[in-house]
Amino acid sequence: MGIDPAAQGMQALLSLACGTALGFLYDLMTALLRRSRLEKLLILMYLPYSLLAAVLLFLLGSIAGRGQLRLFMLLGMLLGGLLYLLPLRRAGRALAEGIAALFAFICRIILKPLCILWKTLRKFSLFAKKYFHFAKKWGKMHFGFLDKANSSIPAEAEHEAAKIGYRYHYVPFDADTDRL
């Protein structure tokens, strides 16, 4: 069973590229969180970032390494990350900021109609709350003589209400109290 030097070289280059990509992804993640003013959530984003790095390492070993994860692949990912951090970070950070700005612009364009709809619904709800607070009374129909024939209101209560000048509906004690 021989080890092909060309395949090992390809695996080393892929691991360098994966390490560099993970470094750029970290800068992109921080730029997006900074742009959305959620920098305090960066600590919470370490968990998905670490899981993504582990999945990438697993895929590197199973696809490129044909089921074997060799030590030089791990060192290649580490060197790729260092390669990104030392000479490439300034350009990578500027690119990440640009991508974050583009993402924020696209989100603003997509969410603008929703914001307009939200403001319109809010104005309508405030209008409805101000002017239609008595809308429950609109749904009651009174038929005069039929009200008296089918009524369960005691005659004394109706007489007292008429004397005072209030019209109310008598409801037994176990019914809803909001109609009293």
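Me: How many salt bridges does this structure hold, and how should I read them?

Reply: Side chains of opposite charge can pair when their charged atoms come close. In this model, which is a predicted one, the count comes to three salt bridges.

Me: Which residue pairs with aspartate 27, and what parts of the chain does that pair link?

Reply: The side chain of aspartate 27 meets that of arginine 89 in a salt bridge, with 3.0 Å from N to O. This pair links distant parts of the chain, since aspartate 27 sits in helix α1 and arginine 89 in helix α3, 62 residues apart. The two partners can also be read by their accessibility: aspartate 27 counts as buried because its relative accessibility is 3%, while arginine 89, at 24%, counts as partly exposed.

Me: Which residues are joined with Arg34 into one network by salt bridges?

Reply: It helps to take the two pairs in turn. Arginine 34 forms a salt bridge with glutamate 39, where the closest N and O atoms are 3.4 Å apart. The side chain of arginine 34 also meets that of glutamate 97 in a salt bridge, at 2.7 Å from N to O. The pair of glutamate 97 and arginine 34 links distant parts of the chain, with glutamate 97 in helix α3 and arginine 34 in helix α1, 63 residues apart. Salt bridges that share partners thus join Arg34, Glu39 and Glu97 into one network. As for exposure, arginine 34 has a relative accessibility of 39% and therefore counts as partly exposed, and glutamate 97, at 27%, counts as partly exposed.

Me: How many disulfides are there, given that I can find cysteines in the sequence?

Reply: A disulfide is a covalent bond between the sulfur atoms of two cysteines. The cut-off used for the sulfur atoms is 2.5 Å, and by this rule the count here comes to zero disulfides. Two cysteines can still be described by their surroundings: cysteine 18 has a relative accessible area of 14% and is therefore buried, whereas cysteine 107, with 28%, is partly exposed.

Me: Is serine 15 buried or exposed, and which residues does it touch?

Reply: The reading begins with the accessibility, and because that value is 0%, serine 15 counts as buried. Serine 15 lies in helix α1, and a polar atom of its side chain is 2.7 Å from the backbone oxygen of alanine 12. Leaving aside residues up to four places away in sequence, serine 15 touches Leu60, Phe72, Met73, Gly76 and Met77.

Me: Which residues form the nonpolar patch on the surface?

Reply: The patch is made of Leu69, Leu71, Leu74, Leu75, Leu78, Leu79, Leu82, Leu85 and Leu86, which together have about 880 Å² of accessible area. Two of these leucines can be followed individually. Leucine 78 is placed in helix α3 and counts as exposed because its relative accessibility is 52%. Leucine 82 also belongs to helix α3, which covers residues 71-131, and at 40% relative accessibility leucine 82 counts as partly exposed. The C-alpha atom of leucine 82 is separated by 8.0 Å from that of glycine 19, although the two residues are 63 apart along the chain.

Me: What is the phi of arginine 37, and where is this residue found?

Reply: Backbone angles are read together with the place of the residue. Arginine 37 has a positive phi of about 60 degrees although it is not a glycine, and it is found in the loop between α1 (5-35) and α2 (42-64). With a relative accessibility of 76%, arginine 37 counts as exposed. Arginine 66 is a further case, a residue other than glycine with a positive phi near 55 degrees. The place of arginine 66 is in the loop between α2 and α3, and its relative accessibility of 66% is why it counts as exposed.

Me: How many helices and strands does the protein chain have, and how much of the chain is buried?

Reply: The protein chain has five helices and zero strands, so that reading along the sequence gives the pattern α-α-α-α-α. Of its 180 residues, 18% count as buried. The accessible surface of the chain comes to about 14400 Å², and 71% of it belongs to carbon and sulfur atoms. Among contacts between residues at least 6 apart in sequence, 62% join residues at least 24 apart.

Methods: Residues are numbered from 1 along each chain as its sequence is written. This is a predicted model: local features need pLDDT of at least 70, side-chain atom pairs count only at pLDDT 80 or more; totals for chains, interfaces and linings use all residues. Side-chain values use heavy atoms; hydrogens and water are left out. Helices (H or I, at least four residues) and strands (E, at least two) are DSSP runs, numbered from the N terminus. Buried means under 20% relative accessible area, exposed over 50%, partly exposed in between (1.4 Å probe, protein chains only). Patches are made of residues with over 30% relative accessible area and no salt bridge: like charges are joined within 9 Å, nonpolar side chains (Val, Leu, Ile, Met, Phe, Trp, Tyr) within 5 Å. Accessible areas come from the Shrake-Rupley method with a 1.4 Å probe; for residues, only the protein chains shown count as cover. A salt bridge is a side-chain nitrogen of Lys or Arg within 4 Å of a carboxyl oxygen of Asp or Glu. A polar contact is a pair of N or O atoms within 3.5 Å; within protein, one must be able to donate a hydrogen and the other to accept it, and residues adjacent in sequence count only if both atoms are side-chain atoms. Contact means heavy atoms within 4.5 Å.
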